[in-house]
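Work through these exercises with the model open beside you. Try each task before you read its solution.

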Amino acid sequence: ATLLADIWNSAQKKIILVGVHFPDAEINSLIHFYADDPSVLILTETTSNLHHTNVVDSIDQLIFSLDKNEFKELQPEVLITFGGMIVSKKIKQFLRVYPPKHHWNIDAKKALNTFFCLTEFIQMSPSTFFKAFNGLVQKGNGNYQQQWLRFRDEKRSKHQEYLANSTHSDFKVFQQVLQSVPENSQLQISNSSMIRYAQLFSIHPSIEVFCNRGTSGIDGSTSTAIGAAFANKKPTVFITGDLSFFYDSNALWNPQIPANFRLIIINNSGGGIFKILPGYKNNIISSEFIETKHNLSTKYLAKMYGFDYIKARNEIGLKWSL
């Protein structure tokens, strides 16, 4: 730990990146120690369940439009990672092209070499590590953190401006849905497009966020959400896409679905996430091979399983329905 602290203390550009993590007050407190360090930038995701005003919680928002010089400026000397899978493709691309000199991954069970530059696997729980490490490190100097937090704030402002002027769309719908989620509730998000939309928004710190991240596919998200709602007892909102919902609709057989479970389906008549593929944009791949188009309604499934059903066709209708 002393050797690692020496490396840390001599560096002026450091990133702490948190992947999927269960809500944990202790680790929140331990990481807050670094939130006021000008040489440290903390990056979290929707599923990190870690919050602070000096944290970048929408990674893609921050780095989407950076040029080569800005990427070089952002490149850390030391990277600490802990938690599970990282959703953001942009941060993976960035750290693989601009790797840190030192990458330390902390986990009690297995190492994650997500960026192909792992130099140290610290096999212990993150809380155990930081309890010891925090007593050995010193605050750095410079403006690394402030520079990027200012940039984060600029991006947030543009994000809000864009949303204010945008019309009814998946993106606008997602904003309205997230704003309607009650404080102190559990938010379950399905895989694929939905979790990627969620990555672009700040979520209230009192809301626990989970996503069924496995092979990054559509399987089992509804089952996971219903099981979590039953076990957690908190009001639970599940946001899912239409394909993911239809794929796992047998989850609704469960007789133990609690009354405070809400299921929100963003039904855009097919999966659209693969439209980002270069082949689609260049008209090389036909949409029939990458989308599952349909005109199915969830109305009859809702009736069969005893759910109340509300359909919203536009922004005003959605506001009323929520």
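Two strands pair if DSSP finds at least two bridges between them. Keep in mind that this is a predicted model.

**Exercise 1. Strands 7 and 8**

Task: Find how strand 7 and strand 8 are joined, and name the bridge partner of Gln186 in strand 8.

Solution:
- Start with strand 7, residues 186-189. Four bridges join strand 7 to strand 8, and the two run parallel.
- Now pick Gln186. Its bridge partner in strand 8 is Glu208.
- Follow the chain from strand 7 to strand 8. The path goes through helix 9, residues 193-198. This β-α-β crossover is right-handed.
- Check the two faces of strand 8, residues 208-211. Glu208 and Phe210 are buried on one side. Val209 and Cys211 are buried on the other. Both faces are covered.

**Exercise 2. The open sheet**

Task: Give the strand order of the six-stranded open sheet, and name its edge strands.

Solution:
- Read across the sheet. The order is 3-2-1-4-5-6, with parallel pairing.
- Look at the ends. Strand 3 and strand 6 (120-122) are the edge strands, since each pairs on one side only.
- Zoom in on one pair. Strand 1 and strand 2 run parallel and are joined by four bridges.
- Take Ile16 as an example. Its bridge partner in strand 2 is Ile42.

**Exercise 3. The largest nonpolar core**

Task: Which residues of the largest nonpolar core touch the most other members, and which elements supply at least two residues each?

Solution:
- The core holds 25 residues. Those that touch the most other members are Trp8, Ile16, Tyr34, Ile80, Phe82, Phe130 and Phe133.
- Next, list the suppliers of at least two residues. The helices are helix 1 (2-10), helix 2 (25-32) and helix 6 (126-133). The strands are strand 1 (14-18), strand 2 (40-43), strand 4 (78-82) and strand 5 (102-106).
- Look closely at Phe133. Leaving aside neighbours within four places in sequence, Phe133 contacts Ala1, Leu4, Ala5, Trp8, Tyr34, Ile80 and Trp104.
- Place this in context. In soluble globular proteins, nonpolar side chains tend to be buried together.

**Exercise 4. One face of helix 2**

Task: Which residues of helix 2 are buried, and why do they line one face?

Solution:
- The buried residues are Ile27, Asn28, Leu30 and Ile31.
- View helix 2 down its axis. Its buried residues fall within an arc of 165 degrees, so they line one face of the helix.
- Ask what covers them. The cover includes strand 1, strand 2, strand 4 and helix 6.

**Exercise 5. Salt bridges across the chain**

Task: How many salt bridges does the model have, and where do the partners of three of them lie?

Solution:
- The cut-off is a side-chain nitrogen of Lys or Arg within 4 Å of a carboxyl oxygen of Asp or Glu. By this rule there are five salt bridges.
- Take Lys13 and Glu73. Their closest N and O atoms are 3.6 Å apart. Lys13 is in the loop between helix 1 and strand 1, and Glu73 is in helix 4 (residues 68-74), 60 residues apart. Lys13 is partly exposed at 21% relative accessibility, and Glu73 is partly exposed at 34%.
- Take Lys131 and Glu26. Their closest N and O atoms are 2.9 Å apart. Lys131 is in helix 6 and Glu26 is in helix 2, 105 residues apart. Lys131 counts as exposed because its relative accessibility is 51%, while Glu26 is partly exposed at 36%.
- Take Asp57 and Arg156. The N to O distance is 3.2 Å. Asp57 is in the loop between strand 3 (55-56) and helix 3, and Arg156 is in helix 7 (residues 144-165), 99 residues apart. Arg156 is partly exposed at 26%.

**Exercise 6. Positive phi**

Task: Are Asn49 and Phe116 buried or exposed?

Solution:
- Start from the general rule. Most residues other than glycine have a negative phi.
- Asn49 has a positive phi, near 55 degrees. Asn49 is in the loop between strand 2 and strand 3. Its relative accessibility is 5%, so Asn49 counts as buried.
- Phe116 also has a positive phi, near 60 degrees. Phe116 is in the loop between strand 5 and strand 6. Its relative accessible area is 61%, so Phe116 is exposed.

Note on methods
Residues are numbered from 1 along each chain as its sequence is written. This is a predicted model: local features need pLDDT of at least 70, side-chain atom pairs count only at pLDDT 80 or more; totals for chains, interfaces and linings use all residues. Side-chain values use heavy atoms; hydrogens and water are left out. A nonpolar core is a set of buried Ala, Val, Leu, Ile, Met, Phe, Trp, Tyr and Cys residues joined through side-chain atoms within 4.5 Å. Buried means under 20% relative accessible area, exposed over 50%, partly exposed in between (1.4 Å probe, protein chains only). Contact means heavy atoms within 4.5 Å. A crossover is right-handed if, with the strands pointing away from the viewer, the path from the first strand over the helix to the second runs clockwise. The arc is that of the directions from the helix axis to the C-beta atoms.
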